[in-house]
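Reader: Please choose one part of this fold and take a close look at how it is placed among its neighbours. I would prefer a connected account that begins with the chosen part and then works outward.

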Amino acid sequence: MIAPPDFDWYAGGITDSPDYVLGYLREGLGCDPDVHRVYPKNGYTDSAVISLGDRVLCSASWGGNTGDRVLVTGTGENAPPVASLVRSEWPDHLLVRADVRIDVDDPTAWPTMYNMGVSLGKKHRLKLEHHGDYVRGENGRTLNIGSRQSPAYARIYEKGHQLRAEGVSGVSLDLVRFEAELK
């Protein structure tokens, strides 16, 4: 089974006031989330997170080295709703990073996707990095294609193994994820 493509990370630069951005996202994410100021990083002078309890839904940073843009970031399961809100309210925002994911749950997913990734890397002379248990295949494997510093980078990994190692039960070990990281 192939899940439709979706975001696993979405970060965009928005030209608008931080108060409006945070208010719009807070309302759009629903369930009466809280907005908390947090310590800014990476040259920003101000940062905040929107959260439900201890679960962060998204973050925003502004000021300092960014000019008039507010950097909004949603990750994991929060990336799709954050991306949707940002893209609908600010269609001309600056895409900073988007990780697009496709999950495939099939016994042939790993060998098929791995072979395609290696073929792509060889054809375009891209860096290929192997991580994980390639001897027994019991603890999960990852193939990175390209360089993290380039505008496009891809990885293929055994997501089912990762989730099981994190204690998530009932996940198929045949679940494989393809991610394209675009900057």
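Author: A residue counts as buried when its relative accessible area is under 20%, and as exposed when that area is over 50%. The model is a predicted one, and the part chosen here is strand S5, residues 69-75. Of the 7 residues of S5, 5 are buried, so the strand is largely enclosed by the rest of the structure. What follows looks at the elements around S5, beginning with its partners in the sheet.

S5 belongs to an open sheet of 10 strands, whose order is S2-S3-S4-S5-S1-S6-S10-S9-S8-S7 and whose pairing is antiparallel. The edges of this sheet are strand S2 (34-38) and strand S7 (128-132), each of which pairs on one side only, and the twist from one strand to the next averages 15 degrees. In general, the strands of a sheet pair through backbone hydrogen bonds, in either a parallel or an antiparallel sense.

In that order S5 stands between S4 and S1. With S1 it pairs in the antiparallel sense over 7 bridges, and within this pairing Tyr10 stands opposite Gly74 of S5. With S4 it is joined, again antiparallel, by 4 bridges, where Ser59 has Thr73 of S5 as its bridge partner.

Helix H2 (residues 79-89) lies across S5, and also across strand S1 (6-15), strand S4 (55-62) and strand S6 (94-105), running at about 35 degrees to S1. The contacts of one residue, Val72, show how these elements come together: leaving out residues up to four places away in sequence, Val72 touches Tyr10, Ala11, Gly12, Ile14, Val21, Leu25, Ser59, Ala60, Val82 and Val86.

Val72 is also one of the residues that touch the most other members of the largest nonpolar core, which has 22 residues; Val21, Leu25, Leu29, Ile50 and Val86 are the others named in this respect. The elements that give two or more residues to this core are S1, H1, S3, S4, S5 and H2, and H2 gives the most, with 5 residues.

H1, another contributor to that core, covers residues 18-29, and its 12 residues should span 16 Å at 1.5 Å a residue, which agrees with the 16 Å between its end C-alpha atoms. Its buried residues include Val21, Leu22, Leu25 and Leu29, and, seen down the helix axis, the buried residues of H1 fall within an arc of 95 degrees, so they line one face of the helix. As a general matter, an α-helix has 3.6 residues a turn, so residues three or four places apart point the same way. Asp19 and Glu27, on the other side of H1, are exposed. The cover over the buried residues of H1 includes S5 itself, together with S1, S2, S3, S4 and H2. After H1 comes Gly30, whose phi is positive, near 65 degrees.

Beyond S4 in the strand order comes S3, which spans residues 46-52 and contains Val49. Val49 is buried, with a relative accessible area of 13%. Setting aside its neighbours within four places in sequence, Val49 is in contact with Asp34, Val35, His36, Val38, Val56, Cys58 and Ser59; among these, Ser59 is the residue whose bridge partner in S5 is Thr73.

Apart from the core to which Val72 belongs lies another, of 11 residues, among them Ala109, Met113, Tyr114 and Ile156. Helix H3 (residues 109-123) lies across S6, S7, S8, S9 and strand S10 (175-182), at about 25 degrees to S8. The buried residues of H3 include Ala109, Trp110, Met113, Tyr114, Gly117, Val118 and Gly121; they cover an arc of only 140 degrees around the axis, which puts them on the same side of H3. On its other side Met116, Lys122 and Lys123 are exposed, while the cover over its buried residues includes S6, S7, S8, S9 and S10.

To return to the chosen part, S5 is a largely enclosed strand, because 5 of its 7 residues are buried. It is paired with S1 and with S4, is crossed by H2, and is among the elements that cover the buried residues of H1.

Note on methods:
Residues are numbered from 1 along each chain as its sequence is written. This is a predicted model: local features need pLDDT of at least 70, side-chain atom pairs count only at pLDDT 80 or more; totals for chains, interfaces and linings use all residues. Side-chain values use heavy atoms; hydrogens and water are left out. Two strands pair if DSSP finds at least two bridges between them. Axes are lines fitted to C-alpha atoms, for helices over the stretch in contact, and angles run from 0 to 180 degrees between N-to-C directions. Contact means heavy atoms within 4.5 Å. Buried means under 20% relative accessible area, exposed over 50%, partly exposed in between (1.4 Å probe, protein chains only). The expected span of a helix is 1.5 Å times one less than its number of residues. The arc is that of the directions from the helix axis to the C-beta atoms. A nonpolar core is a set of buried Ala, Val, Leu, Ile, Met, Phe, Trp, Tyr and Cys residues joined through side-chain atoms within 4.5 Å.
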